[in-house]
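Student: Please take one part of this model and look at it closely. I would like the packing and the charged pairs treated together.

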Amino acid sequence: ESHPFSFPAWYNLANAFQKIGQLDSALEGYDYCLAIQEDFTPAYYNKAHTLFKMERYQDAVQVFEETYAYEPPQAPVYCHIGECFEKLNQYDKALFYYRKSIQVDEYYSDAFLGIGITMDLMGKTSDALGFIQRAIEIEPENPDYYLFQIEFLKKLLRIEEAESIAESIIGKFPENEDLWMDYSDIYFMRGEYDKALSIL
């Protein structure tokens, strides 16, 4: 109220609204910020993330693309656009943007994950595994990558491989509840219900 044309104040207010789940108010804050300082790219990125949370994926893509006018797209931007198209079930476009992300940064692990998830959604789970493996090689400390690897192996009924991976990393990420759930599910699939229950 004291400084209505302070774009950092509008930006930080919008960030606060986003964190407490008041997404409409967050969008309004980012819009005010950009009306005052139209080349402030962090506001574009956070506005796009807010739209993504609201499942307004096409709008999010448009906002990400608006940043091109102010700075060359980096790997995370292409990756986020790919994820928007993945959510829209436009898998060819998703793969296109995930690959553009990797062209910009060949070590951007989330883009490899995105390709893997998209390939699985296209019914190409066997092909997806290679991309998940690449993501793990780049970022071995990310438990989410292992979860997808285990999930895809289970889907392919490669249960022993899934079990071996789960056992090898459960001690590494003991606080990860999803990993314990997946580990339990392996025994459930085998009909070993007591073991599955004890893990849960």
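Tutor: What follows starts at helix 9 and works outward to its partners and then to other helices. The model is predicted, so the usual care applies to every value below.

Take Leu-147 to begin. Leu-147 sits in helix 9. Its relative accessible area is 12%, under the 20% limit, so Leu-147 counts as buried. Beyond its sequence neighbours within four places, Leu-147 contacts Asn-176, Asp-178, Leu-179 and Asp-182. One of these partners can be placed by distance. Asn-176 is 29 residues away along the chain, and the two C-alpha atoms are 9.9 Å apart.

Now Ile-150. Setting aside neighbours within four places in sequence, Ile-150 touches Ala-162, Ile-165, Ala-166, Ile-169, Leu-179, Asp-182 and Ile-186. Leu-179 and Asp-182 are also on the contact list of Leu-147.

Ile-150 has a place in the largest nonpolar core, which holds 60 residues. Phe-64, Ile-81, Ile-150, Ile-169 and Leu-179 touch the most other members. Helix 5, residues 75-87, gives this core its largest share, with seven residues.

Helix 11 spans residues 177-190 and includes Ser-184. With a relative accessible area of 4%, Ser-184 is buried. Outside the four places on either side in sequence, Ser-184 touches Ala-196, Ile-199 and Leu-200.

Now the charges. Side chains of opposite charge can pair when their charged atoms come close. There are 10 salt bridges in the structure. Asp-120 and Lys-155 make one of them, with the closest N and O atoms 3.0 Å apart. Asp-120 belongs to helix 7, residues 109-121, while Lys-155 belongs to helix 9, residues 143-155. The pair therefore ties together parts that are 35 residues apart in sequence. Asp-120 itself is buried, at 12% relative accessibility.

A contrasting case lies within helix 8, residues 125-138. There Arg-134 bridges to Glu-137, with the closest N and O atoms 3.3 Å apart. These two residues are three apart in helix 8, so about one helical turn separates them. Both ends are partly exposed: Arg-134 has 26% relative accessibility, and Glu-137 has 48%. Elsewhere, salt bridges with shared partners link Glu-151, Lys-154, Asp-182 and Asp-185 into one network. Asp-182 thus has two roles here, because this network residue is also a contact of Leu-147 and of Ile-150.

Last, the pair of helices 3 and 4. Helix 3 covers residues 41-53 and helix 4 covers residues 57-66. Their axes come within 8 Å and cross at roughly 170°. An angle over 145 degrees counts as roughly antiparallel, so the two helices are roughly antiparallel to each other. From helix 3, the contact uses Tyr-44, Tyr-45, Lys-47, Ala-48, His-49, Leu-51 and Phe-52. From helix 4, it uses Tyr-57, Asp-59, Ala-60, Val-63, Phe-64 and Glu-66. By type, the contact residues are nine nonpolar, one polar and three charged.

Two of the helix 4 residues link back to earlier points. Phe-64 is among the core residues that touch the most other members. Asp-59 forms a salt bridge with Arg-56, at 3.0 Å from N to O. Asp-59 is partly exposed at 31% relative accessible area, and Arg-56 is partly exposed at 35%.

Notes:
Residues are numbered from 1 along each chain as its sequence is written. This is a predicted model: local features need pLDDT of at least 70, side-chain atom pairs count only at pLDDT 80 or more; totals for chains, interfaces and linings use all residues. Side-chain values use heavy atoms; hydrogens and water are left out. A salt bridge is a side-chain nitrogen of Lys or Arg within 4 Å of a carboxyl oxygen of Asp or Glu. Buried means under 20% relative accessible area, exposed over 50%, partly exposed in between (1.4 Å probe, protein chains only). Helices (H or I, at least four residues) and strands (E, at least two) are DSSP runs, numbered from the N terminus. A nonpolar core is a set of buried Ala, Val, Leu, Ile, Met, Phe, Trp, Tyr and Cys residues joined through side-chain atoms within 4.5 Å. Contact means heavy atoms within 4.5 Å. Axes are lines fitted to C-alpha atoms, for helices over the stretch in contact, and angles run from 0 to 180 degrees between N-to-C directions. Angles under 35 degrees count as roughly parallel, over 145 as roughly antiparallel, 65 to 115 as roughly perpendicular and the rest as oblique. Ala, Val, Leu, Ile, Met, Phe, Trp, Tyr, Cys and Pro count as nonpolar, Asp, Glu, Lys and Arg as charged, and the others, Gly among them, as polar.
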